Amino acid sequence: MNLRLIFGCIMLALLSCGGALAEGVALGDVANTLLVGGGVLTKLMWAVCIVVGIALIAAAFTQFQIHRRNPKLVPLTTPVLYLILGIIAIAIPFISQVEGFLSSGHPGIRGAPAAPTAPPVTTGKPAKQYDSNDIDAPLY
């Protein structure tokens, strides 16, 4: 146990020293590096949700067939639950698209017009320019 603790402390010290010695590495570069694998992971999770949803719906139909033959063997709640979970699993990847559709100015539920947005406030002064690597710069 003590050997693992010592090894962990040494690795932590080495990693922190390497970060302190790196020059010219901006926080934005680190964030972009971390986001590279995000697209692949998103597509993988999307595919997993679709496959699991289809499997749950197929299991719901199979369980319902068993329930029709012998209702005491499988209660009706089991295939209904599988069906609901399968629909939810298939709907998960499309939630962000629905949210983006509703917030992009398209008519909302029952054709209601989108909420008006306020025009930008101008004070007559030129806009202040910020460095992209400045961590104290306001987010736009």
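Two aromatic rings of Phe, Tyr or Trp count as a pair if their centres lie within 6.5 Å. The pair is edge-to-face if the ring planes are over 60 degrees apart. The model examined here is a predicted one. A search of the whole structure finds one aromatic pair. Its partners are Trp46 and Phe94. Their ring centres are 6.1 Å apart, and the planes meet at 80°, so the pair is edge-to-face.

The two partners come from separate parts of the chain. Trp46 belongs to helix H3, whereas Phe94 sits in the loop between H4 and helix H5 (95-103). The pair therefore ties together parts that are 48 residues apart in sequence. Neither ring residue reaches the cut-off for burial, which is under 20% relative accessible area. Trp46 has 41% relative accessibility, so it counts as partly exposed. Phe94 has 32% and therefore also counts as partly exposed.

The overall fold provides the setting. The protein has five helices and zero strands. Along the sequence, the pattern reads α-α-α-α-α. Of its 140 residues, 9% count as buried. The protein exposes about 12,200 Å², and carbon and sulfur atoms supply 71% of that area. Contacts between residues at least 6 apart in sequence were also examined. Among these, 48% join residues at least 24 apart.

Helix H3 covers residues 38-69. At 1.5 Å a residue, its 32 residues should span 46 Å. The end C-alpha atoms are 47 Å apart, which agrees with that expectation. Which residues of H3 are buried? They are Cys49, Ile50, Gly53, Ala60 and His67. The cover over these residues includes H4.

Helix H4 runs over residues 77-91. The same check applies to its length. At 1.5 Å a residue, the 15 residues of H4 should span 21 Å. Its end C-alpha atoms are 21 Å apart, so expectation and model agree. Pro79, Gly86 and Ala89 are buried in H4. Seen down the helix axis, the buried residues of H4 fall within an arc of 85°, so they line one face of the helix. An α-helix has 3.6 residues a turn, so residues three or four places apart point the same way. What covers the buried residues of H4 includes helix H3. The cover is thus reciprocal: H3 helps to cover buried residues of H4, and H4 helps to cover buried residues of H3.

Terms used: Residues are numbered from 1 along each chain as its sequence is written. This is a predicted model: local features need pLDDT of at least 70, side-chain atom pairs count only at pLDDT 80 or more; totals for chains, interfaces and linings use all residues. Side-chain values use heavy atoms; hydrogens and water are left out. Helices (H or I, at least four residues) and strands (E, at least two) are DSSP runs, numbered from the N terminus. The expected span of a helix is 1.5 Å times one less than its number of residues. Buried means under 20% relative accessible area, exposed over 50%, partly exposed in between (1.4 Å probe, protein chains only). The arc is that of the directions from the helix axis to the C-beta atoms. Contact means heavy atoms within 4.5 Å. Rings of Phe, Tyr and Trp (its six-membered ring) pair if their centres lie within 6.5 Å; planes under 30 degrees apart count as stacked, over 60 as edge-to-face and the rest as tilted. Accessible areas come from the Shrake-Rupley method with a 1.4 Å probe; for residues, only the protein chains shown count as cover.
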